[in-house]
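I opened this one to see how some of its helices pack and what a few loop residues are doing. My notes follow in the order I looked things up.

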Amino acid sequence: MGTLLARLALIAAGLSALVPVLWTFLNSFKNRVDIVSSVPKFFFTPTLDNYLYVLNREAVGAGLLNSIVVVGAAVIIGALLGLPAAYALARYPLRWGNDIQFFVLSMRFLPPVAVAIPLMVIWLQLELYDTRVALIATYTLLTLSTVIWLAIPAFKAVPKEVEEAGRVDGYGPYAIFFRIALPIAARSLVGAIAFGFVLVWNEFLIALMLTTSEAKTLPIVASELSQLGRDVPWGILNASVILLSLPPLLMVGVLSGFLNAAFKRKREAS
């Protein structure tokens, strides 16, 4: 009975996450009349007008490019700086190690508005407001804290005996990190990087405060589609949500597949 209840709970949790996504996907192919119908329609004549409207807007293309450049750069910089920092905290105990970890995590405790307003003042004074550089620097702080906090347990799970065997074979600290620790903790690290990517890709409030026109990201552009008129264009909004969700899914899939293949080839070669 306990196993049955657990499975039912998992099924219910899965449906609660999956059904809204499927319903949004269906609504993205509906006309407005079918969406606002008092009786939900599961059978309807699909249309691509909603997607064509979104894709044909120049603002959407500019927002997509800004999101890819800003989020991609922030994630890469956060991974390059965060993974070595996480390994150092996991393998080389420091007197202030726990305080450093708590400080890194505390960066996620602050509400976005508490971070956005001081940053807006800073970037205005530096004449970098509404630029990709400002967004990349800001998002790097978010990805850095996320990667460090999630990567520390992954590196702690790497057996110390394997690293000690590497030292016996003549590996230095950098070789142990790149050739032993990274391949063993690869799957967990991919999850940490992917989670950081999703967080900054969907980030809205900070981008809203730090941009006006030139550096607007895709979530900001998608939110502006609701201001097209007096009647809410539900079909267009649903299409924009689906399009907004595709890049992180594709990037996570490509990143995980690439890293798994690379580490597999390295293990086979060794």
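**Helix packing**

I started with helix H4 (residues 58-91) and helix H7 (residues 132-156), which pack at an angle of about 35° with their axes 6 Å apart. Helices here are DSSP runs of H or I with at least four residues, numbered from the N terminus. Axes are lines fitted to C-alpha atoms over the stretch in contact, and angles run from 0 to 180 degrees between N-to-C directions. I noted that H4 passes H7 in a right-handed crossing; that label means the near helix is turned clockwise from the far one by less than a right angle, and anticlockwise would be left-handed. By class, I read off 24 nonpolar, 5 polar and 3 charged residues in the contact of H4 with H7. Nonpolar covers Ala, Val, Leu, Ile, Met, Phe, Trp, Tyr, Cys and Pro, charged covers Asp, Glu, Lys and Arg, and the others, Gly among them, are polar.

A note on the source: this is a predicted model, where local features need pLDDT of at least 70 and side-chain atom pairs count only at pLDDT 80 or more, while totals for chains, interfaces and linings use all residues. Residues are numbered from 1 along each chain as its sequence is written, and side-chain values use heavy atoms, with hydrogens and water left out.

Next I looked up H7 with helix H10 (residues 186-201): their axes come within 9 Å and cross at roughly 155°. That makes H7 roughly antiparallel to H10 (over 145 degrees; under 35 is roughly parallel, 65 to 115 roughly perpendicular, the rest oblique). H7 passes H10 in a right-handed crossing. Among the residues in contact (heavy atoms within 4.5 Å) I listed Tyr139, Leu142 and Phe155 of H7, and Ser188, Phe195 and Val200 of H10. The contact of H7 with H10 has 12 nonpolar, 4 polar and no charged residues.

Then I tried H4 with H10, which pack at an angle of about 140° with their axes 10 Å apart. Their crossing is right-handed. Residues including Leu64, Ile68 and Leu83 in H4 meet residues including Leu189, Phe197 and Trp201 in H10. I got 11 nonpolar, 1 polar and no charged residues for the contact of H4 with H10.

**Serine 28 and aspartate 34**

I found serine 28 in the loop between helix H1 (2-27) and helix H2 (32-35). Serine 28 has a relative accessible area of 0%, so I put it down as buried (under 20%; exposed is over 50%, partly exposed in between, with a 1.4 Å probe and protein chains only). A polar atom of the serine 28 side chain lies 2.5 Å from the backbone oxygen of phenylalanine 25. Leaving aside neighbours within four places in sequence, serine 28 is in contact with residues including Thr47, Tyr51 and Ile242.

Aspartate 34 lies in helix H2 and counts as buried at 12% relative accessibility. Not counting residues up to four places away in sequence, aspartate 34 touches Lys41 and Phe44.

**Two positive phi values**

Most residues other than glycine have a negative phi. What is phi at glutamate 127? I got a positive value of about 60°. Glutamate 127 sits in the loop between helix H6 (112-125) and H7 and counts as exposed at 71% relative accessibility. Aspartate 130 lies in the loop between H6 and H7, with a positive phi near 65°. Aspartate 130 is buried, with a relative accessible area of 9%.

Note on methods: Helices (H or I, at least four residues) and strands (E, at least two) are DSSP runs, numbered from the N terminus. A polar contact is a pair of N or O atoms within 3.5 Å; within protein, one must be able to donate a hydrogen and the other to accept it, and residues adjacent in sequence count only if both atoms are side-chain atoms.
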